[in-house]
Amino acid sequence: MNAPSLGNLEETILLLMLTVKEEKYGFSVAEAYRQHLNKSISIPAIHTVLKRLEKKGLVSSKMGGATAARGGRKKRLYEVTAYGKQVLVSLRDTRAALWKAIPPVQL
Amino acid sequence: MHPQHRPPAWADRFLEWFCDAELIDEIQGDLHEDYQRYATEKGHFRADVKYVWDVLRFFRPSSFSTPRIYWYPVMLKNYFTSAMRNFGRQKAFTFINMLGLSVGLACSMFILLWVQDELSYNAFHQEGDQLHRLMRHVSFSSGETYTWSAVPMPSAKLMEQEIPEILDAELMPWDDEVLVSKGDSAFRENGRYADQAFFSIFSFPLLEGNAEEVLTDPSGVVISETVAEKFFGSGWQATGILGQTLRIDQNRDVKITGVFADISRNSSIQGDLVFPIKPWLDDRPWLEHWGNNSLEIYLRLTPDAEMASVNQKIQDLMDRNMEGNTAVFFAQPFEDMYLWGEYRDGKLVGGRIDYVNIFGFVSLFLILIAAINFMNLSTARSGLRAREIGIRKVAGAQKGALVQQFLGESLILAMLATGLAVLMVELLLPSFNEIVSKEISISYADPRYLLSFLGLGLFTGILSGIYPAFVLSSFNIVQVLKGNFSTSTKGGQLRKGLVVFQFALSILLIIGTLTTYSQIQYIQNKNLGLDKDNLVYLPMEGAVESQFAAFKAELLKQEGILGVSAASQNPLRVGNSTSDPTWPGKDPEAALLFSIINTKLDFVETMKMKMKEGRTHQASFGTDTLNYVINEAAAKAIGVENPIGLEVEFWEQKGQVIGVVEDFHFSSLRSKIDPLIMRYDPDETWLVYVRLEGGKLEEGLASLEKVYNEFNPTYPFSYTFLDEHFQRTYRSEFTIGKLANAFATIAIFISCLGLFGLASFTAERRTREIGIRKVLGASTGKLVLLLSLDFTKLVGIAFLIAAPIAYYVMDRWLGGYEYHVPMQIWVFALAGLVSLLIAWLTIGYQSIRTAMADPVKSLRTE
């Protein structure tokens, strides 16, 4: 399949979204990023990545509920699409094939 | 979790301001959650900083709100219908809006036409951007620097030869009136002498003849279409006009070598006949001297010429050829010379471009005043449409769609007003042309006119509609539909501010008008030092010139003629000057400029000038041709205690000062009176001056004509009144005065329309209040006062704002005149009073009607 060109951060975030069980939106994804990768990411940066993923069709979104902590603002909830999952699987397979192709002496 | 701290409110407001409504939820929500987390970890201060930083990072195009076009063709018809219904329901207000807008638009169109006409001057030459006029700055010991276009003739040839950037240097003497005759018909026409290249450098199209050859024959002449028609009839083209002869000044014959299309009014170079320059130069050998400056030189440069380097080369050339040259030469772009013609102290200070700018502003003001009416009336009456807006919103109309609807309404109104304005312009154009002495016409075939009018209407529609559109569309649905919506306070301050602004502009224009008028009055009544009334002048030619003494003697015998003399120049406009005069004890370094006028006998007496000391030129003193009468300014400049008898030498003649004449204004009142020397030189006078008797003008003119025709039977008799000439000199002042007057009237008219609308609205709104007051015992007079007081205050504030600005502007304008009226308090007082009175008259009717209304009627409806 023709995999869309996917940046490193985009791939990480896409993968990360599959690990989040609760609602997936800007803040919660940033939280997950902090936990799993041990470094912080800003909300503007996360928003940019999410918009890009959505444009490429890898995630979809809809408006969700509001909470007090958000100042009464609604969340935009994201979900990884089937296509997104396919892309991730094919990326993993490509890498795995590459790993297998490495002769043992190289490591 | 309940947040105890909130991010900085201003950062939130900023975010809400720039962020698109569809994105604000996710962005602000995520940012707030992140803020709470960060604040618990790192403290509020660092969280605040981070929050602001993140908001700034969101300040990027992807988050900006984009104006959306709501395009629902189904709704268009509905919008149009409701617009028309509204116009119909509020007839008076629609009428006021329309009238204000169309009057404002019509004025702006007039100004636009005028500005366009001014800008089109000299713009029609194909190589216009390569053409320049040679100019020079000359400084004098008095500290003044004059800028002149008269330059030495021999420089032309050298510039052409030595400066590679100069392709042509065209000699151009000033145009001159000539008498043209053929057979029995004779006309005075405007003639000029020109180099061979004239018709190739300037784009004056030739109807007959070849541009390169028409001026080669020294005895040839190129005539304009009009002149050709005058002498050969409208069918001249069929008659084979080339080679025909015309008689010039009754003393030489010339052969027609070409015919050019009439020169457009918008050209600084004018002329009905163009003669080859060679014979003219041959008659004037003195022009070969570098010290003589009596003609202009026009330059055609290469397209890529570097102006600074060309100017430097010209200056070097002049310095090389003129020993001790102090004049600074430069090339003035030809296309600028009409609008940018005023130099002061060697610097370009503007010229007619100032008027272009002033009127440009005025037209903007007028549009603004009319637009403000629209804004005020629409927002004031917005309550009437509140329900419609509410229902539309409930039915799903978005804010943007409503904005479009209301903007559309104002555009419809503005377009209707534009149509009306074009009609007004069309009807009033002849009168306008008369005021500004132009021949502006609108050619509807040229799309630029209609497009710019349309653009003006569009601009006005958007300008006046945008604010009401946003106000109307942002009404809160719930409040509006509950019916407790009040428009009384909403935007009240702003409306008042707009009224103040309108009146300030009107007062500014009134003060401008009054000041211009008092300056014009001052010019009219100024004692010029000579009596300009009942004085005519005519050209000195034919037997009048050769037998002047007999002519004069015969005239003086006639009824109604008091005095006859002659001079080289018009005493109100002496153009000749020299720095040649020297006298014993003169500082050899000092350069003083003296204006020179040559006269015949009895000049001072005929002009009714007054002598301060000494005597005038007399025939009984045989050597008076060497003696001089000077003016007071010259006596002061010379600086000798008793100048009578002082030996003055100039133009290689030595003579004595025999009298001092009181200063008279021999140039515009814009400049001060300079030193002047009057010579008695009977051979160098070109204009005959005749003083007529006050009450017997007709008799005087009849006898003048009779005597003239006896002496000069073949010349057409024509004369000019000196005061007419004087009026022409100040024509631009009179024009400006009339225009300022018209615009001020219109500005106050439009402002009053708005005030009237607003006042009737307020009165309507306060009907109940007035009813209650009346029931409680308020008198009608008190109520009228109460209703008028609000607006009186506004006019007062407007006056306080306008007065200092007007003072500053008019003070600068008057500063352009060496002789002017002072800024007068009565002008300001009158302007304030007039605007107050007009405002009272406007609102008075409404106030009285409301105050007199029967309270039973107004209260029963409750």
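Biologist: Which residues touch the most other members of the largest nonpolar core?
Modeller: This is a predicted model, so local features need pLDDT of at least 70 and side-chain atom pairs 80 or more, while totals for chains, interfaces and linings use all residues. Residues are numbered from 1 along each chain as its sequence is written, with chains lettered from A and ligands numbered from 1 in the order written. A nonpolar core is a set of buried Ala, Val, Leu, Ile, Met, Phe, Trp, Tyr and Cys joined through C-beta atoms within 7 Å, buried meaning 20 or more other C-beta atoms within 10 Å of a residue's own, with C-beta atoms placed from the backbone. Of the 85 residues here, the winners are Met109(B), Leu366(B), Ile507(B), Ile511(B), Phe743(B) and Ala747(B).

Biologist: Which helix gives the largest share of this core?
Modeller: Helices are DSSP runs of H or I, at least four residues, numbered from the N terminus. Those giving two or more residues include H5 (91-119), H11 (353-380) and H23 (731-765) of chain B. With 17 residues, the largest share comes from H23(B).

Biologist: What does Met109(B) touch?
Modeller: Touching means contact, with backbone-placed C-beta atoms within 7 Å. Leaving out residues up to four places away in sequence, Met109(B) touches Ala421(B), Val425(B), Phe453(B) and Leu456(B).

Biologist: How many residues of chain B are in contact with chain A?
Modeller: Chain A brings 16 residues to the meeting. Helix H2 (26-37), helix H3 (43-55) and strand S2 (74-80, strands being E runs of at least two) of chain A each supply at least two of them. On the other side, the count for chain B is 17.

Definitions and conventions
Contact = placed C-beta atoms within 7 Å. Buried ≥ 20, exposed ≤ 12 C-beta atoms within 10 Å, placed from the backbone.
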